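Reader: I would like to learn how to read a model of this kind, step by step. Could you take me through it slowly?

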Amino acid sequence: EATKARLMQALEGLDRGFTATKPQRAAVESIIDELAAMSPVKEPAPALLAQDSTWQLIYSDAPDIVGSGTGNGGGLSPSNGKVGQEFDAAAGTITNLVEIKPPGLLSGVLPDDAVQLRVKIKARVVSPTRIGMTVMGTQAQPRKFAGIDISRLPPLGLEIPSPIQPPFGEFEILYYDGSLRVIRTGQGYLGVNIRTDKPFATTTTTTDAPAAADIS
């Protein structure tokens, strides 16, 4: 618990990694190395896929998620709202979810506008600690436009036939206790997620990491 608390403290103010400096990333990785040796679930891959769950991203160092550490949605660049994953045990799927919001310059004018991007993935256990993924399809669901709720409009989607579904890589679970999950992608990037009981569509966006007590 003390190491988890140190990790949460190290993540405070990093906006999920968007504003993390190299020294801050190094400090986070050092704590994760310690935490990985304490993972209470020895076969986390099958355990994770065996139950429905929703997870919220609280840290990443992957450039395709958090960029180069210069901030989230500065100037005319779109910003990321909520980022997370939904696991469906019966279907054996993971849905990656990213909420795209207006650029920072427009956030005061269009604070609630958002499009939710979803990538549906077929998941499989590769080893006790690794999960392999294959892309099944993608979907874009507008939530609000110019302040108007348009979430009832049909989403724009693409389903990929199973014979040609492309691989989506693998990830290794470094730490898993049912409420906190730390992973390393096949490209070597880190991700820290906390479990939430709220549906993703209504989860409140959090730019700073929750306190350690929130995930114990």
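**Reading the chain feature by feature**

Author: Let us start at the beginning of the chain, where Glu1 sits in the segment before α1. Please keep in mind throughout that this is a predicted model.

Reader: Is Glu1 buried or exposed?

Author: A residue counts as exposed when its relative accessible area is over 50%. Glu1 has a relative accessible area of 62%, and therefore it is exposed. Although Glu1 and Leu35 are 34 residues apart in sequence, their C-alpha atoms are 9.5 Å apart in space.

Reader: Before we go further, how many helices and strands are there in the chain?

Author: The chain has four helices and 10 strands. Read from the N terminus, the order of the elements is α-α-α-β-α-β-β-β-β-β-β-β-β-β. Of the 216 residues in the chain, 39% are buried. If one takes the contacts in the chain with a separation of 6 or more, residues 24 or more positions apart account for 63% of them.

Reader: How do α1 and α2 lie with respect to one another, and at roughly what angle do their axes cross?

Author: For a pair of helices, one compares the directions of the axes, and an angle over 145 degrees counts as roughly antiparallel. Here the axes of α1, residues 2-11, and α2, residues 22-36, come within 10 Å of each other and cross at roughly 160 degrees. That is why α1 is described as roughly antiparallel to α2. The crossing of these two helices, α1 and α2, is left-handed.

Reader: Which residues meet where α1 and α2 are in contact?

Author: From α1 come Thr3, Lys4, Arg6, Leu7, Ala10 and Leu11, and from α2 they are met by Val28, Ile31, Ile32, Glu34 and Leu35. Sorted by character, the residues of this contact between α1 and α2 are seven nonpolar, one polar and three charged.

Reader: What is there to notice in the loop between α1 and α2?

Author: Backbone angles are worth checking in a loop. Asp15, which is found in the loop between α1 and α2, has a positive phi of about 50 degrees although it is not a glycine. Arg16 belongs to the loop between α1 and α2 as well, and Arg16 has a positive phi of about 65 degrees, again without being a glycine. A residue under 20% relative accessible area counts as buried, so Asp15, at 14%, is buried, and Arg16, at 4% relative accessibility, is buried too.

Reader: What does the side chain of Asn193 reach?

Author: For a side chain of this kind, one looks for its polar partners and then for its wider surroundings. Asn193 lies in strand β10, residues 190-196, and counts as buried because its relative accessibility is 5%. Its side chain reaches the backbone nitrogen of Leu57 at 3.4 Å. Leaving aside neighbours within four places in sequence, Asn193 is in contact with Trp55, Gln56, Leu57, Ile58, Ser179, Leu180 and Arg181.

Reader: And which side chain is joined to that of Asn96 by a polar contact?

Author: The partner is Gln85, whose side chain is joined to that of Asn96 by a polar contact of 2.8 Å. Asn96 is found in strand β3, residues 93-101, and Asn96 counts as buried because its relative accessibility is 18%.

Reader: Where does Ile65 lie?

Author: Ile65 lies in helix α4, residues 63-66. With a relative accessible area of 28%, Ile65 is partly exposed. Ile65 and Val98 are 33 residues apart in sequence, while from C-alpha to C-alpha they are 9.1 Å apart in space.

Terms used. Residues are numbered from 1 along each chain as its sequence is written. This is a predicted model: local features need pLDDT of at least 70, side-chain atom pairs count only at pLDDT 80 or more; totals for chains, interfaces and linings use all residues. Side-chain values use heavy atoms; hydrogens and water are left out. Axes are lines fitted to C-alpha atoms, for helices over the stretch in contact, and angles run from 0 to 180 degrees between N-to-C directions. Angles under 35 degrees count as roughly parallel, over 145 as roughly antiparallel, 65 to 115 as roughly perpendicular and the rest as oblique. A crossing is left-handed if the near helix is turned anticlockwise from the far one by less than a right angle, and right-handed if clockwise. Contact means heavy atoms within 4.5 Å. Ala, Val, Leu, Ile, Met, Phe, Trp, Tyr, Cys and Pro count as nonpolar, Asp, Glu, Lys and Arg as charged, and the others, Gly among them, as polar. Buried means under 20% relative accessible area, exposed over 50%, partly exposed in between (1.4 Å probe, protein chains only). A polar contact is a pair of N or O atoms within 3.5 Å; within protein, one must be able to donate a hydrogen and the other to accept it, and residues adjacent in sequence count only if both atoms are side-chain atoms.
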